[in-house]
Amino acid sequence: MHHRTLPLLRRLASIPAIASFAVAPLAGATPPPAAPGDVEGMRAATDAAYVAGPTLAKGLGLRVAWQSRMPIAGKATLQAVETVGDAILAVDTSNQICRIRPEDGSVVWTAAVGNPIDLFLGVFGVDVPAAQGKIYAVFSTELFVLEASSGSVLTRQPLAKLPATRPLVVGPVFIYGTAAGHIVAHHCIVGHEFRANSLDGRIAGAPLPVGDRFIVASAGGDVACLNSKGINRYWDTKLYAGVRAAPAVTEGTAFVAGLDQYLWAFDIRSGKPVWRHFFSSPLVDAPIAEGDAVLQRVPDVGVVCFAARPEGKPDGEIRWTAPAVSGGHVGTIDGGVAFWNAAEHRLSLVDPARGTVRTVSLPQASGIFDVTTGPLEGTIFAFASDGRIVRLDPRTPVAAAKP
């Protein structure tokens, strides 16, 4: 090597490395720079660099904390962002999982888990001593146990009955439904199934927790309340037709939308109907519990809001009806019940008190995730299929979650 080259190499080596995952807008997402002094142009350029920019975030009562990018393998795309405690986990369509640091969006580790053709059903923490420091990733054939600090795969647990729903985690037990109508309790420490029950037909949505119980419904029209430990039934009933979507719970009442065209309200303790309301179309969307009310999306009608426990009204009590909104329910954003339409990149916010609808366009986003529990409660993640993830925090901080 030429003797004049060595000093230059030493100077280059002394320069601190630049982080690959910075808070600044990411390369490839930035439009041409605005002219000097063009404030509006600079604001537009900044907004366009983010999946959800500062101006849009402000309009939703949020602020941009950072934007990062998950390293995606091959032709895969980012399919989900979830949290386990303060760990942020991003998952792509090849079922690679990436842990992201909540403070600055930097990547902690990536791990290739699961078969790329398996369905991803969620990542979870387990609140028992033997499971601390681990992350549990559930797919349609296996449960993977990962070391939280490194992403190393510690164990792989085959699932004897293949899950068709996201599981409910109760202590060390994962409770899930199958396409054949089974309700399975899989013990993640022992590593195998230890309890099961069954309903008529495919289980409609994840088991819904209510204290030491959970509610499930099925495509055969069964609705049941079971014990979370023994998977034994407290009560069950049969609707006039099947159920396609998960139930909802509020005010001691379980709500079930049926293909029999009824929205049903059941008392959780007794299983007796509190009220039911008949519509002109089968109900295919899940009811949404919101405080002392329940919202139901009805074909050719729109979103209908009912009082959860009306007095002396066996047909239910309608509070308001709003125009139809499309997309899946993703939580509560800026005080509105949020629906995300991924195909149209549109967020619809329904005011739960009045039924007014506000729509927001996020042309670069492919998904929205609202954190409802844990240390990151109140945070919203918007992400794009190319791996970009933006963290949006509430402008008014949410009170710290109770242990």
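A strand here is a DSSP run of E with at least two residues, and a helix is a run of H or I with at least four, both numbered from the N terminus. Counted that way, the chain in this predicted model has 3 helices and 32 strands.

Some totals for the chain, then. There are 403 residues, and 48% of them count as buried. The exposed surface comes to about 18,600 Å², with carbon and sulfur atoms supplying 55% of that area. On contacts: take those with a separation of 6 or more, and 42% of them are between residues 24 or more positions apart.

Next, one sheet. Four strands form an open sheet in the order β10-β11-β12-β13, and the pairing is antiparallel. At the edges sit β10, residues 168-170, and β13, residues 192-198, each of which pairs on one side only. From one strand to the next, the twist averages 20°. If you look at the β10 edge, you will find 3 bridges joining β10 to β11, which covers residues 173-177. Within that pair of strands, V170 stands opposite V173 of β11.

Now three single residues. I will start with I288, which belongs to strand β22, residues 288-290. Is I288 buried or exposed? Its relative accessible area is 7%, and buried means under 20%, so I288 is buried. Which residues does I288 contact, once neighbours within four places in sequence are left aside? They are A248, A293, V294, L295, H329, V337 and F339. As for T250, that residue is 38 residues away from I288 along the chain, and the two C-alpha atoms are separated by 9.2 Å.

The second residue is Q296, in strand β23, which spans residues 293-298. Q296 has 0% relative accessibility and therefore counts as buried. What lies 2.9 Å from a polar atom of the Q296 side chain? The backbone oxygen of D285 does. D285 also appears among the contacts of Q296 beyond four places in sequence, along with A257, L263, L283, A286, P287, G302, V303 and V304.

The third residue is R346, found in strand β28, residues 346-350. With 24% relative accessibility, R346 falls between the 20% and 50% limits, so this residue counts as partly exposed. Leaving out residues up to four places away in sequence, R346 touches S326, F339, W340, N341, T359 and V360. Of these, S326 is 20 residues from R346 in sequence, with 8.8 Å between the C-alpha atoms. F339 has come up already, as one of the contacts of I288.

Last, the aromatic rings. How many aromatic pairs does a search of the whole structure find? The search finds 14. One of the pairs is F139 with F144, 5.7 Å centre to centre. The planes of F139 and F144 are 85° apart, and over 60 counts as edge-to-face, so this pair is edge-to-face. F139 is buried, because its relative accessibility is 0%. F144 is buried too, with a relative accessible area of 3%. Elsewhere in the list of rings, W235, Y240, Y262, W264, F266 and F278 are linked into a cluster by ring pairs.

To go back over the three residues: I288 is buried, Q296 is buried, and R346 is partly exposed. That is all from me.

Definitions and conventions:
Residues are numbered from 1 along each chain as its sequence is written. This is a predicted model: local features need pLDDT of at least 70, side-chain atom pairs count only at pLDDT 80 or more; totals for chains, interfaces and linings use all residues. Side-chain values use heavy atoms; hydrogens and water are left out. Buried means under 20% relative accessible area, exposed over 50%, partly exposed in between (1.4 Å probe, protein chains only). Contact means heavy atoms within 4.5 Å. Accessible areas come from the Shrake-Rupley method with a 1.4 Å probe; for residues, only the protein chains shown count as cover. Two strands pair if DSSP finds at least two bridges between them. Axes are lines fitted to C-alpha atoms, for helices over the stretch in contact, and angles run from 0 to 180 degrees between N-to-C directions. A polar contact is a pair of N or O atoms within 3.5 Å; within protein, one must be able to donate a hydrogen and the other to accept it, and residues adjacent in sequence count only if both atoms are side-chain atoms. Rings of Phe, Tyr and Trp (its six-membered ring) pair if their centres lie within 6.5 Å; planes under 30 degrees apart count as stacked, over 60 as edge-to-face and the rest as tilted.
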